[in-house]
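Hello,

Here is the structure I promised to pass on to you. Please have a look at it first, and then read my notes below.

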Amino acid sequence: MADVSLVKWREARVGTIWTAFLIGGLICVIGQLLMDLTPLTPAHVLSILVVAGAILDGIGLYEPLIKFAGAGATVPITSFGNALVHGALQEAKNSGPIGVLSGIFQITSAGISAAIIFGFLTAVIFKPKG
């Protein structure tokens, strides 16, 4: 007979996988609809999603979304806006106004650095078109 705690863990994981899939998919559908139904460019949609994540974190709604959806809320680009605002607010509490600037970079520096490094390596390895 299976251990009861293992069965509960599996049920909780499956629920989390589905909510992550649904919430992450919903965020992506919103972005896709913005690109398909409006004259916005992908760069505009990207900016809108980052700002939406920042606003949701600023009013305290993104953390509950992360707790509910897990990776469904942390993987899409909206989480970058969340990280920017979350870091800024956290450091503003600790260090005052100067903490706003340092907090933004403290949390997001690894992602920004990785994007720059991999973008450079991709440009070096592959032949750009145009």
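What follows is a tour of what I found, going from the overall fold to single residues.

Please keep in mind that this is a predicted model. The protein has six helices and zero strands, so along the sequence the pattern reads α-α-α-α-α-α. Of its 130 residues, 22% are buried. Among contacts with a separation of 6 or more, 49% join residues that are 24 or more positions apart.

The record comes next. In an unreviewed entry, UniProt lists residues 12–35, 41–61, 68–89 and 101–126 under "transmembrane region". I looked at two of these spans in the model. Residues 41–61 are 81% helix and 0% strand, and the end C-alpha atoms of that span lie 27 Å apart. Residues 68–89 are 82% helix and 0% strand, with end C-alpha atoms 22 Å apart.

Now for the helices themselves, beginning with α2. This helix has 17 residues, which at 1.5 Å a residue should span 24 Å, and its end C-alpha atoms are indeed 24 Å apart. Its buried residues are Val-45, Leu-49, Val-50, Gly-53, Ala-54 and Asp-57. Val-51 also belongs to α2, which covers residues 42–58, but Val-51 counts as partly exposed because its relative accessibility is 47%. The C-alpha atom of Val-51 is 9.8 Å from that of Leu-84, although the two are 33 residues apart along the chain. Just after α2 comes Gly-60, with a positive phi of about 85°.

Helix α5 can be described in the same way. For its 18 residues, 1.5 Å a residue gives an expected span of 26 Å, and the 26 Å between its end C-alpha atoms agrees with that. Buried in α5 are Thr-78, Ser-79, Gly-81, Asn-82, Ala-83, Gly-87, Ala-88 and Glu-91. After α5 there is again a glycine with a positive phi, Gly-96, near 85°.

Helix α6 runs over residues 98–125; its 28 residues should span 40 Å at 1.5 Å a residue, and the 39 Å between its end C-alpha atoms agrees. Even so, α6 bends by about 65° at Thr-108. Thr-108 is also one of the buried residues of α6, together with Gly-99 and Gly-103. What covers these buried residues includes α5.

Where is the largest nonpolar core, and which residues make it up? Six residues form it: Ile-23, Ile-27, Tyr-62, Ile-66, Ala-69 and Ala-73. Two elements, α1 (4–37) and α3 (62–69), each give two or more residues to this core. The biggest share comes from α3, with three residues.

Tyr-62 is a good place to stop for a moment. Leaving out residues up to four places away in sequence, Tyr-62 touches Gly-53, Leu-56, Asp-57, Ala-73, Thr-78, Ser-79 and Asn-82. Two of these partners deserve a closer look.

One is Thr-78, which lies in α5 and counts as buried because its relative accessibility is 5%. Thr-78 and Tyr-62 are 16 residues apart in sequence, and their C-alpha atoms are 9.2 Å apart in space. With residues up to four places away set aside, Thr-78 touches Ile-27, Leu-49, Gly-53, Tyr-62 and Ala-73.

The other is Asn-82, also in α5. Is Asn-82 buried or exposed? With a relative accessible area of 7%, against a cut-off of 20%, Asn-82 is buried. Beyond its neighbours within four places in sequence, Asn-82 is in contact with Gly-53, Ala-54, Asp-57, Tyr-62, Glu-63 and Ile-66.

Finally, the aromatic rings. The model holds one aromatic pair. The rings are those of Trp-18 and Phe-21, with centres 6.0 Å apart and planes at 90°, so the pair is edge-to-face. Both sit in helix α1, and because they are three residues apart they are separated by about one helical turn. Trp-18 and Phe-21 are both exposed.

I hope you enjoy looking through it.

Best wishes

Key:
Residues numbered from 1 in each chain as written. Predicted model: local features only at pLDDT ≥ 70, side-chain atom pairs only at ≥ 80, totals over all residues. Heavy atoms only, no water. Helix = DSSP H or I, 4+ residues; strand = E, 2+ residues; numbered from the N terminus. Expected span 1.5 Å × (residues − 1). Bend = angle between axes of the 7 residues up to and from the residue. Buried < 20%, exposed > 50% of the residue type's maximum accessible area, 1.4 Å probe, protein only. Contact = heavy atoms within 4.5 Å. Core = buried A, V, L, I, M, F, W, Y, C linked by side-chain atoms within 4.5 Å. UniProt positions renumbered as here; feature names shortened; annotations may be inferred. Phe/Tyr/Trp six-rings, centres within 6.5 Å; stacked < 30°, edge-to-face > 60°.
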